[in-house]
Amino acid sequence: MPPRLIFDGDYPMAIGALDMDRDLTRPIEEVRAAEPRSRGYRRWPDSETMASLPEMRRGRIAAALVKAVGRVQRSEIIWGYRSSENACAAALGQMAYYRILEQRGEVRILRTAADLRDHTAAWQADAAGDRPVGLVLGLEGADPVLWPGHLRDWWDQGLRVISLSHYGPSAYCHGTGTGTEKGLLPPARELLEEMDRLGFVLDLTHASDASVRQALELFSGPIVATHQNCRALVPGERQFPDSQLRAIIGRGGVIGVSMDTWMLYRPGVDWADIPPRREVFERREVTLQDLADHIDHICQLAGDARHAGIGGDTDGQGGREGAPWEIDTVADYQKVGDVLEGRGYGEEEITGILYGNWQRFFEAHLPGSC
């Protein structure tokens, strides 16, 4: 069978390009073999990189929800900027990176439902896959939104998806590493109202349980969880309980299952104090069968296969070192379809999980025109 189309529901691409100074227009072999810098910020080596634009094309990853990230540091959980203005400027720089790639013909920013339909049709008609990769633009944590009226500027830049928090507390809510009982902060209500009015998609990923419950009461627009796994299978606040997964399903959302092995390792982890992975488990201990368990759990909750997708957190989850055993690069995401086929999923269901569910969701909720 020829490779299936894939939509990666979470790829913080600009972090790899700007914070880690990788040229993601190059073949993956060249990205991995880049000479180490004597100065600069590194979270893991270039040799662990899983994605570049040529590698996405090779793996038939026709589109991805890519992120801009600019958090303010309010705790010691994770690095961040000292001010909201700095965080905003950093995230705007990442948005500029995506626009530059579009001007160079490397990507196509998918601002409208029509953009997405046209892009998908072009990929389906091109077996070679030598085309621009489609990008839906999202914001990982809302700190770069300086005030609710600022959302209009972000919308005009092509942003379509926003999550309220990342690690630690944001200006709007408590997120990963802060427990489950602390919820929204006072500025969140007006932000959510304005997001609703403009047509943004709310990404519930990384929000605390209380924040999710409260946000669902305030926000009536479309919701997703771009990279979120199941607490019923792996304990810990970073995964969602069944009640929250059902809430997303009930409102027509999609849950992207993450390739982060900390979210797949059965004993779980304390998300406020994450140790190095290899001190806890060998890479071979977490496989695509574990990933498929989470996909299957979501499908069982839904009663169908229309609400699960891939949400790789690609190269934001530690790169190859933090991915399931069978994953070397994003081209190996094709193996997810084979695993699901081995579990008895039909071709229509597999196509939906790999691409079609994200396609359907964003066709329904991206604006008809700019």
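Here is a chat about reading salt bridges, burial, cavities and a pocket in a predicted model.

Biologist: What should I know before I start?

Modeller: The model is predicted, so local features need pLDDT of at least 70 and side-chain atom pairs count only at pLDDT 80 or more, while totals for chains, interfaces and linings use all residues. Residues are numbered from 1 along each chain as its sequence is written, and side-chain values use heavy atoms, with hydrogens and water left out.

Biologist: How many salt bridges does the count come to?

Modeller: A salt bridge here is a side-chain nitrogen of Lys or Arg within 4 Å of a carboxyl oxygen of Asp or Glu. By that rule the count comes to 27. Take R4 and D338, whose closest N and O atoms are 3.9 Å apart. That pair links distant parts of the chain: R4 sits in the segment before β1 (6–11) and D338 in helix α11 (residues 334–342), 334 residues apart. Helices (H or I, at least four residues) and strands (E, at least two) are DSSP runs, numbered from the N terminus.

Biologist: Which residues are linked with R4 in a network of salt bridges?

Modeller: D338, E341 and E347 are linked with R4 in that network.

Biologist: Is R4 buried or exposed?

Modeller: Buried means under 20% relative accessible area, exposed over 50%, and partly exposed in between (1.4 Å probe, protein chains only). R4 counts as buried because its relative accessibility is 9%. D338 has a relative accessible area of 46%, so D338 is partly exposed.

Biologist: What about the salt bridge of D209 and R231?

Modeller: Their side chains meet at 2.8 Å, N to O. D209 lies in helix α8 (residues 209–218), and R231 in the loop between β7 (223–224) and α9 (242–250), 22 residues apart. D209 is buried at 8% relative accessible area, whereas R231 is partly exposed at 21%.

Biologist: Which residue does D260 form a salt bridge with?

Modeller: R277, with the closest N and O atoms 2.5 Å apart. D260 and R277 are 17 residues apart, each in the loop between β8 (255–257) and α10 (288–302). D260 counts as buried at 7% relative accessibility, and R277 is buried with a relative accessible area of 15%.

Biologist: Now the empty spaces. How do I read a cavity or a pocket?

Modeller: Work on a 1 Å grid over the protein atoms alone: a cavity is a set of points where a 1.4 Å probe fits but cannot get out, a pocket is an open set with protein on both sides within 12 Å along at least five of seven lines, and lining residues have an atom within 4 Å of a point. Grid points are joined across faces, edges and corners, and a volume is the space filled by probe spheres set on the points. The count here comes to four cavities of 30 Å³ or more. The largest cavity holds about 50 Å³. It is lined by 14 residues, and R71, G141, D143, H166 and S170 are the closest to its centre.

Biologist: What classes of residue does that lining have?

Modeller: Ala, Val, Leu, Ile, Met, Phe, Trp, Tyr, Cys and Pro count as nonpolar, Asp, Glu, Lys and Arg as charged, and the others, Gly among them, as polar. The lining of the largest cavity has five nonpolar, six polar and three charged residues.

Biologist: And which residues line the second largest cavity?

Modeller: G175, T176, G179, H206, A207, S208, D209, E237 and R238. The volume of that second largest cavity is about 40 Å³, and D209 is the residue that meets R231 in a salt bridge.

Biologist: What lines the second largest pocket?

Modeller: A305, R306, E348, E349, T351, G352, G356, N357 and R360 do. That pocket has a volume of about 150 Å³, and its lining divides into one nonpolar, four polar and four charged residues.

Biologist: Last one: where is T178, and what does T178 touch?

Modeller: T178 is in the loop between β5 (159–163) and α7 (188–198), and is buried at 17% relative accessible area. Contact means heavy atoms within 4.5 Å. Not counting residues up to four places away in sequence, T178 touches I77, G168, P169 and E237.
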